[in-house]
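Please read the following with the sequence and the coordinates open side by side. The text moves from one helix to two groups of strands and then to the surroundings of the ligand.

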Amino acid sequence: MSAVPPPEANPDVLIVGAGPVGLTAAAELTRHGARVRIVDKRTGPVTYSQAAAVHVRMQEILGAMGIVDGWLAAGHRFERLSVRAFGKKLGVMHPGGVDSPYPGPLVIGQNVTERLLVEHLARLGVQVEREVEAVAYTQYADNVRVTLRSSTEGGRKEAVRAPWVLACEGSSSPGREAAGIPFDGARYTGQEFVQADVRVHWTFPNGDAYSFINKERTLLLLPFNALGRYRVLCARTEQSNAQHGPPTLEEMQTITREMTGDPGLRLSDPLWLNRFRTQHRLARRFREGRIFLAGDAGHVHVPIGGQGMNYGIQDAFNLAWKLAAVVRGDARPEPLLDSYNTERHRVDADLLNSTDEGFRAMVNPGAWKSLAMRLVGPMALGSETIQERVKNLLSGTKIHYHGSPLAEDHGGSAGPAAGERAPDAPVVDLAARETVRLFNLLYPTGRWTLLLFGGLEPTESACWKLAGTGASVLTDFGRLVNAHFVLTDLELAASIEGGSVLLDREHTAHDKYGVKTACIYLVRPDGYVGFRGGPDHGGELLAYLYRIGLLKTADAHVPPR
Ligand SMILES: Cc1cc2nc3c(=O)[nH]c(=O)nc-3n(C[C@H](O)[C@H](O)[C@H](O)COP(=O)(O)OP(=O)(O)OC[C@H]3O[C@@H](n4cnc5c(N)ncnc54)[C@H](O)[C@@H]3O)c2cc1C
């Protein structure tokens, strides 16, 4: 048995809560060079499947963390969601085909997700401190004092001081309360969910997802595999007050038979039966001084679309590299840290609004909406534009941070603007003489990436300007930035001396980035475009790097370890 490493004596960041969001934050902060402690009051990961949908952007994040293979091996990728309403087949949604190395959603239990994250964290040398509850938080000018109570050591208390605290304790978040951040919103009344993780024996093909809608109820069947194991979830107007505990298997079977119209349908082998009501709430802000909120501590909503964990993990991924850069002494705290709230609060608020609207329409569609669904539904599902819109919404790949202090855009291409996700593409790394994916250059190093596109018909003067820009950025920020030329012409590529050169012979990268003439892209460590401009914007690029608080190589202060 390997020895359990002791907790970090002086953590840069104390993470409270080891759900999927806290675990991701701990792993990413560690990867980016911060010292963390992570505590959880539970004895271990959840034992049931709760957050089962893992969408494309979350898979990309797991890919960036270097651990997505575990999810790809254990998850089920479904290609079709068949939609039926009022006894009629409306059509089929195709959630796959997203422009990503991970083209569609996976279904996998939260118990597996948490286990895989815990194992990853242990490999990074960080152990979750279990049965340890944070019971008090006091914020000072330069640290936060958190009282931890261990339930295994007779209630022993320990006071920890950390410069930064990340509250990932779920919706009841004591960290949020201590920080005095209101949690605006309300509980839904008059509606409830019942669900079961079961084997379904029926006449429909296994492995696809299904949704059945009628006036009072919506039933969703989400496949864990192609052998008939499903999450069966029903949203409905609340039943008699007498029903409080989990539904019985028979109750779920009756609902599923009625909704599918399959009288011989049978459910068996239940792993989890659950009845719950839900709420929609958003923290007024995700930061108060040295306390940050991420995941359900900041936002909770109806689990339609299966996005809570996905968005929470994006919160953690957005914050980790920024906070780590500050604690490493590579960046000033502002505007980097405040950009977390600016960027994620709007995105999470949008999710709350869309799920709220969807849920109200689902549970109580009203006469007009029902009629519209019946009449227009088949046409809508047959429309490529609508399919594309839903796919983008679910995948998370179109989430953007326009208007962020970290997004500076000078145009120069028809592709992603500053604040948008940088796309993947295959290119040939000339030095290594092998084909690599841009994602494999953007993510694993934890650095910023400067892509200097030569354009489809590169001119000598543009190339000189790009080379000058690359050299100045590396002189001032070489510790934090990797730079690559991206060139379509082999001869030109081979003539470049010094610096990394990526050959884009088929123009795939140029096309994905919408580049025709020379263009500069600076991509952040989390894969979003920070800066875009033409070859004449080298000065603006340097000014941008200073403006956002990155410290010039010589000024960077690395705190002693
Ligand atoms: C039925 C259902 C289905 C869902 N399906 C999906 C889905 O398909 N896809 C999706 O993305 N999302 C889904 N969600 C939402 C998802 O489960 C949550 O968004 C996700 O679990 C949030 O993760 P978290 O880490 O922020 O919080 P949590 O998972 O709630 O974890 C918080 C952790 O903090 C710990 N903690 C709390 N207080 C303290 C304290 N004071 N001290 C120490 N530890 C503490 C808790 O023990 C817990 O381990 C679903 C939710 C439900 C209810």
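A residue is called buried here if 20 or more other C-beta atoms lie within 10 Å of its own, with C-beta atoms placed from the backbone. The model is a predicted one, and local features are described where pLDDT is at least 70.

With that criterion in hand, consider helix α10, residues 384–395, in which K391, L394 and S395 are buried. Viewed down the axis of α10, these buried residues fall within an arc of 90°, so they line one face of the helix. The length of α10 can be checked as well: its twelve residues, at 1.5 Å a residue, should span 16 Å, and this agrees with the end C-alpha atoms, which are 16 Å apart.

The next element is strand β12, residues 164–167. In a regular strand the side chains alternate between the two faces of the sheet. In β12 both faces are covered, since W164 and L166 on one side are buried, as are V165 and A167 on the other. Two strands pair with β12: strand β1, residues 13–16, does so in the parallel sense over four bridges, and here L14 stands opposite V165. Strand β21, residues 291–293, also pairs with β12 in the parallel sense, over three bridges, and within that pairing F292 of β21 is the bridge partner of L166.

Further along the chain lies strand β26, residues 448–455, which is mostly covered, with eight of its eight residues buried. Six bridges join β26 to strand β27, residues 481–487, and the two run parallel, with V481 of β27 as the bridge partner of W448. Between these two strands the chain passes through helix α12, residues 460–477, and the resulting β-α-β crossover is right-handed. Strand β26 is also joined by six bridges to strand β29, residues 517–523, but in this case the strands run antiparallel, and L450 stands opposite L522 of β29.

Which residues are the closest to the ligand? Of the 32 residues that surround the ligand, the closest are G19, G170, G295, G306 and G308. The elements that give two or more residues to this shell are α1 (20–31), β2 (36–40), β9 (132–139) and α7 (308–328), and α7 provides the largest share, four residues. By residue class, the shell around the ligand divides into 14 nonpolar, twelve polar and six charged residues, where glycine is counted among the polar ones.

Conventions: Residues are numbered from 1 along each chain as its sequence is written. This is a predicted model: local features need pLDDT of at least 70, side-chain atom pairs count only at pLDDT 80 or more; totals for chains, interfaces and linings use all residues. A residue is buried if 20 or more other C-beta atoms lie within 10 Å of its own, exposed if 12 or fewer, and partly exposed in between; C-beta atoms are placed from the backbone. Two strands pair if DSSP finds at least two bridges between them. A crossover is right-handed if, with the strands pointing away from the viewer, the path from the first strand over the helix to the second runs clockwise. A residue is near a molecule or strand if its C-beta atom, placed from the backbone, lies within 6 Å of it. The expected span of a helix is 1.5 Å times one less than its number of residues. The arc is that of the directions from the helix axis to the C-beta atoms.
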